[in-house]
Amino acid sequence: MEAIIPLAKIILFPGFLFLAVYGLFLQWVDRKLCAVMQNRMGPPWFQPAADFIKLLAKEVIVPDAADAAMFRVLPFFAMAAVMTALVAIPVGSSALFSFQGDLVAVIYLLTVPTVTFFLAGWSSTSPYATVGSMRVLTQLFAYEVPLMLALIGPAILAGSWNISEIAAFFSSHPALIPAQLLGFAAALIALQGKLERLPFDIPHAKNEIVGGQFTEYSGRLLDFFLLAVDMELVVGAALLNAVFLGGALGLTGAAAIAVFLAKTLVITFLLALLKVLMARIRIEQMINFCWKYLAPIAMAQVVCDILLKAKIG
Amino acid sequence: MSKITIPLGPQHPALKEPENFMLVLEGEQISGATVNLGYNHRGMEKAAEERTYIQDLYLLERVCGICSHSHTTCYITNVEELAKCETPKRALAIRTLVAELERVHSHLLWLGVAGYEMGFETLFMYTWRDREQVLDCLELISGNRVHYSINTIGGVRRDITAEQKAEVLKRIDYLAERTSYYIKLATEEATVLARTQNVGKLPYDVAIERGAIGPTARASGVARDVRKDEPYLLYSELDFKLITADSCDVFGRLVVRALELVESYKMIRQVLNNLPEGPIAVKVPMRIPAGEAVNRYEAPRGEDIHYLKSNGTDKPERVKVRAPTLANLQSVAYMLEGGWLADVPLVIAAIDPCMSCTDRAVVWDPKKGRKQTYGWEDLRKLAIEQYRRRGVDFTRL
């Protein structure tokens, strides 16, 4: 029994099943919001699930020139990394497993999908996929540093590298949450880059390089990659919620989960807003933007948090 | 970094019609580009010789799905010139009206496509929604949304009633308001500026040298517009500005098209408010007297040229169409070189290409009854042969 409960948590809630279902739901919310903002109808609520099932039924084609074993295993790697990351992030009142330094572990685990995207494109060996995977890696170097810097600020202020403890710190000091606005904005934009959404969907910009790193993927392998991206949205939103917005705000049980859902929905709304407001930028413009503006903003937040910490004592 | 060659087309999400661009990439930058045509040849010119003049009208309308009125008007001007028919003024006014409505619909469509190619999907959705207004106007006037078929030899098929006039004017007012919003959006939104400024440069000299036309040329500072240079229909009586820009890039092309929309609204209002009275068509005999005629027409994409040769029967002996895209494609290779891969779709889209109008690749010899596609080598051989017969030797060139 002792072993079954954690296993059930990992498989059902807040583990795999919850992550998949909520990921598909957020995908729908995102699509519907964009549609409404762009004066369109948008899909019905079951569209993401229907897409998922349809792709599952499609034939998987592995290019002759590709490394077949790597090509097949990468989508599951991406998904596994994202799911593992959720283990340390509080969904309700507390995380499944938390330990000192899990913030660094989560950042690391969230980088793994990006690396699998690169390997996926590279091992496909087609021109579009190769260009796409080069862009994945170039983009990684642009947004990763601002994202890490932005996440370090609250950790310094809370004096802990444990995500649950950071959340608990902000729950007990809600007055400090507005002081994290700069860092939150920087992290939000960097997350948009990590999720490869407009205006940062450069690696798979369809008008330029067709499907980018996923050009050669089809059927269930593509499906799991797309699911991993949806899950990454949930995990990214949950991470921002826990680190910047105080997690469950000290609530427990169903109320804590309700707060989690509400705040992740707000974050999804902000991400959707970013998506419809702008044109896609070029890769070199993105690197310029991230290093010239985003990283200094995140750094300013770190400095501000160090000063605040000194003041609080 | 090693060079890779990637094909853009014939099937590619950025291209709505089959054409091929071979891009040599050094990293993300383009060091060479070649344009290959010939995926969409439909043999329309040949088919036109098999049909009567009035049937050709409906065939040539289908040369292009966007500038359908341009092609028929250009063709019909030739026919009427040969038939020496006096087209009623009211018919000319209605043709001018449809021509300008068509320009509005084409430019709004282009604005959406440009938004889509730069990844600004919201602009795409907004402009295409507003484009419905002008399509509704065209449907109201002609009965059709895309292939209006308003022209007939000797005049137009339908008259404009007072209610239609009021309705069109109302919708044009709405569109004028929306267009001012788009102009503001396109000239102030930072990401749009980042994606269009200094992209796809085509300096004035190169535009002249490569024979660029239409908005592409006007954005490079070339003040060239058939409506001003050689007025046809009612354009000599209308008050409008020739829009040019001197930034020579995609941004300039965007601004030229957006400002031309405003000029078109002005012209539509002028035509509707001063509609001449009288009949809308005159009778023209089926047989057109023998002769040749050439006419130019400023289509939304640039100068459209039609040549017509008649032999006195009810079918033309030769119809030749020079669609605007063919003239502008020569500039595309120049604009692509040295640019970024990310800008390729936008640069191509910036000339507003229409490949199905342009394609012609197959040579058909009726005497021997054989078909042949000429490649570069064959054409070179033919040219050398031709000049040798005249006494000039180009073998070593």
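**Helix packing, core and chain contact**

Reader: Which residues of α10(A) are met by L19(A), A20(A), Y22(A), G23(A), L24(A), L26(A) and Q27(A) in α2(A)?

Author: This is a predicted model, in which local features need pLDDT of at least 70 and side-chain atom pairs count only at pLDDT 80 or more, while totals for chains, interfaces and linings use all residues. Residues are numbered from 1 along each chain as its sequence is written, and chains are lettered from A and ligands numbered from 1 in the order in which they are written. With contact taken as C-beta atoms, placed from the backbone, within 7 Å, and with helices (H or I, at least four residues) and strands (E, at least two) taken as DSSP runs numbered from the N terminus, the partners in α10(A) are L227(A), D230(A), M231(A), L233(A) and V234(A).

Reader: How many residues of the contact of α2(A) with α10(A) are nonpolar?

Author: Ala, Val, Leu, Ile, Met, Phe, Trp, Tyr, Cys and Pro count as nonpolar, Asp, Glu, Lys and Arg as charged, and the others, Gly among them, as polar. On that division the contact of α2(A) with α10(A) holds 1 charged and 2 polar residues, and its nonpolar residues number 9.

Reader: Within what arc do the buried residues of α2(B) fall?

Author: In α2(B), which spans residues 53-61, the buried residues (20 or more other C-beta atoms within 10 Å of their own; exposed is 12 or fewer, partly exposed in between) are Y53(B), D56(B), L57(B), L60(B) and E61(B). They pack against α1 (44-49), α3 (68-83), β4 (151-152) and β8 (316-322) of chain B. Seen down the helix axis, by the directions from that axis to the C-beta atoms, these residues line one face of α2(B), because they fall within an arc of 135°.

Reader: Which element gives the most residues to the largest nonpolar core?

Author: The largest nonpolar core, a set of buried Ala, Val, Leu, Ile, Met, Phe, Trp, Tyr and Cys residues joined through C-beta atoms within 7 Å, has 202 residues. Among those with the most contacts inside this core are I163(A), V235(A), L240(A) and V347(B). With 18 residues, the element that gives the most to this core is α10(A).

Reader: Which element gives the most to the side of chain B that touches chain A?

Author: The contact takes 22 residues from chain A and 25 residues from chain B. The chain B side divides into 16 nonpolar, 4 polar and 5 charged residues. With 5 residues, the element that gives the most to that side is α5(B).

Methods
Contact = placed C-beta atoms within 7 Å.
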